Amino acid sequence: MNNFQEQARHIIIIEDRKYRQTICLQEETYSIGRHPQNSIVINSYQASRHHGTLMRRKNRMTNEYCYWIVDGDLDGNKSRNGVYVNGDKCLVKELKSGDLINFGCEVNATYYGLNELSNTVIDLDTVKTIDFEKNALETQNNLKFSEPHLDIVSAESFNPKETLQAQEYQDPLTKLPNRILFKEYLSIGLKNANKSKSSMAVILLDINHFKAINKNWGYPVGDQVLEEVAKRLNSSLRNSDIVARWEDDEFVLLFPKISHLDDLEKIIQRLMNNINQPMNILGHQLYLEYSLGRAIYPQDGQDTKTLLKNAEVALLNQKKEIKITNNSYDLSIDPKASKLLKAKTILQQALQQEELILYYQPQIKIETGEVSGIEALVRWNHPNLGQIYPQRFIPLAEQTDLILGIGKWILRQACYQNKAWQDLGLPPFTISVNLSPRQLEHPNFVKMVEQILGETKLSPHWLELEITEKLLLNNPEIAHQVLHDLRELGVHLSMDDFGSGYSCLNHLPKFPFGTLKIAQSCIKELTETPESIAIIAAAIALGKSLDLRVVAEGVETQQQLDLLRNLDCLEMQGYLLSHPLTQQEATSFLSLYHGRVVAS
């Protein structure tokens, strides 16, 4: 402190509606506001209780001491009206001699780097006219400087080239604090958290596939996206929280006041709900995905470097998990991020604009002609391309979280429709819905199924969920638990595509299936290779031995039907029996064909 006092050449002259104060700056920090406990009290009802803060720092270029002015307090609480330096609103700014400061009201100030001055306070109520130059002479041994103009600052009054560049501490695109300023806030937050023995959190947030946006729509669109994300992040936070732009497509958030970790989860959930809403960019609805990494003080680090490093590690781990998940499926599509982004955007529009539609394919008991069940199949009625089959768009949806939304929509629509048929007085039957691996792995999937059944008022035993062999083999432990939970709920389960190239013979008895569906590929080979007859016969015998309902899929010819009947397969579905039907067609089919023998 002594070395600084000997070199001190810093004063600030503040004029409010009552006083003109000339203050020699020597302390490390000064709080400025209308509350009487501030270091510097300003007299204005328009000023905030703690409007700004002066901080002593070393200039990075000259290595000499200087003062910064910060909007608000050191806990991140900003002022009501802002702080302006030379007409530019700023969150923080390194002051230079002669800088003019306005506190968003009639209170103005001037900063000087001079020789030491004594603090003076002059009552403007008693002294109507002040000779500022004379006062300065008396207080500074004949040091002369002209009286500054202290009117409320207007941005048009100054040449921006004469001020410190805004991008020193502020991102020029989003107007958020930049990396330099965020580290200052984080350093202050750590000191306060350590002092108060409280928790705080740092979160890094990354826009997935952002390079694809720049590549496919151009950098101006990318800039619009960044500005909109920044705006949404800022609007989602509490007054004490800080959001800054960290780098190209990455933002960093500081939560300096965390009472409970549950509170942090609620804040993050609100934030994600906000930024996940579609963006209207150039007339298109754009949907983005994000990765997030967090670090909590003190358990994940007690200094700036460690917290930021651990948040970055957490972010990279999540991005790695997403990449592994997306690459875990054998899909014959281009996995490039640009195509995925476009696909997600278009599919999300299709879902919201009700372009998806369900078709229904009956499952028939061969000997009686009774409808034993119906499978719900999704189609996409594209306004320009016409009807698109699920083989073309479901694999793309699988590579993003959009499959969860599509799957939920399919399940809800199927349950509503089955209940509607029951309300019409038609004999009840199960309706089958295909599950994706992403749905089965979702931690709230069973609860979601239960909610939809309650919402649609469909009894659980009239719903059947179909799971492929491949899904079971990918993650048998998760599948085992989820399927048993679903069965306890009362939902029927079906193994789909049995015999399509994977072997689940050892696993099949361990899962609570009620139905075994023989793959269409096996049925297609039924009349082409004699060996296929033995394979299907074994599958039918296995199903019966496990007391399973066996359904043959993809029956398209009379010859296939006759062979399956000879093999004692009791239920089938396929184009020979019925094509997939619209809701109206399916209603007519159920009304007219119930009880009729389909084939002789």
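Let me start with a definition: two strands count as paired if DSSP finds at least two bridges between them. With that in hand, hello everyone, and please keep in mind that what we have on screen is a predicted model.

Let's begin with the hairpin of β19 and β20. Strand β19 covers residues 356-365 and strand β20 covers residues 371-382, and 9 bridges join them in an antiparallel arrangement. If you want a spot to click on, tyrosine 360 sits opposite alanine 376 in β20. Between the two strands of this hairpin there are 5 residues, and glycine 369 takes a positive phi near 80 degrees.

Now stay with β20 for a moment. How many of the 12 residues of β20 are buried? It is 11, so to speak, a mostly covered strand. Beyond β19, strand β20 also pairs with β21, residues 386-388, in the antiparallel sense over 3 bridges. Histidine 382 stands opposite glycine 386 there, and a hairpin of 3 residues connects β20 to β21. Then there is β22, residues 430-434, which pairs with β20 in the parallel sense, again through 3 bridges. On that side, glycine 373 faces threonine 430.

Let's move towards the N terminus, to another sheet. This one is open, has 5 strands in the order β4-β3-β5-β6-β9, and its pairing is mixed. Strands β4 and β9 stand at the edges with a single partner strand each, so one side of each has no neighbour in the sheet. At the β9 end, 3 bridges join β9 to β6, residues 65-71, and the two run antiparallel. Valine 70 is opposite valine 92 in β9. Helix α3, residues 179-196, packs on this sheet and touches β5, β6 and β9, with its direction at about 105 degrees to that of β5.

At the other end, where does the mixed pairing show up? Strand β3 runs parallel to β4, residues 40-41, with 2 bridges between them, while β3 and β5, residues 52-58, pair in the antiparallel sense over 4 bridges. For example, glycine 33 stands opposite valine 41 in β4, and tyrosine 30 has leucine 54 in β5 as its bridge partner. Why is β3 described as largely enclosed by the rest of the structure? Because 4 of its 5 residues, in the stretch 29-33, are buried.

Next, a pair of helices. The axes of α12, residues 445-456, and α14, residues 476-489, come within 10 Å and cross at roughly 20 degrees. Angles under 35 degrees count as roughly parallel, and therefore α12 and α14 are described that way. Their crossing is right-handed. For those of you who like contact lists, Phe445, Val446, Val449, Glu450 and Leu453 in α12 meet Val482, Asp485, Leu486 and Leu489 in α14.

Last stop, the cysteines. Buried here means under 20% relative accessible area. Cysteine 522, at 11% relative accessibility, therefore counts as buried, and so does cysteine 569, at 4%. And how many disulfides does a search of the whole structure find? The count is 0.

That's my tour, folks. Thanks for listening, and I'm happy to go back to any part of the picture.

Technical notes
Residues numbered from 1 in each chain as written. Predicted model: local features only at pLDDT ≥ 70, side-chain atom pairs only at ≥ 80, totals over all residues. Heavy atoms only, no water. Disulfide = S-S within 2.5 Å. Buried < 20%, exposed > 50% of the residue type's maximum accessible area, 1.4 Å probe, protein only. Axes fitted to C-alpha atoms, helices over the stretch in contact; angles between N-to-C directions. Parallel < 35°, antiparallel > 145°, perpendicular 65-115°, else oblique. Left-handed = near helix turned anticlockwise from the far one by under 90°. Contact = heavy atoms within 4.5 Å.
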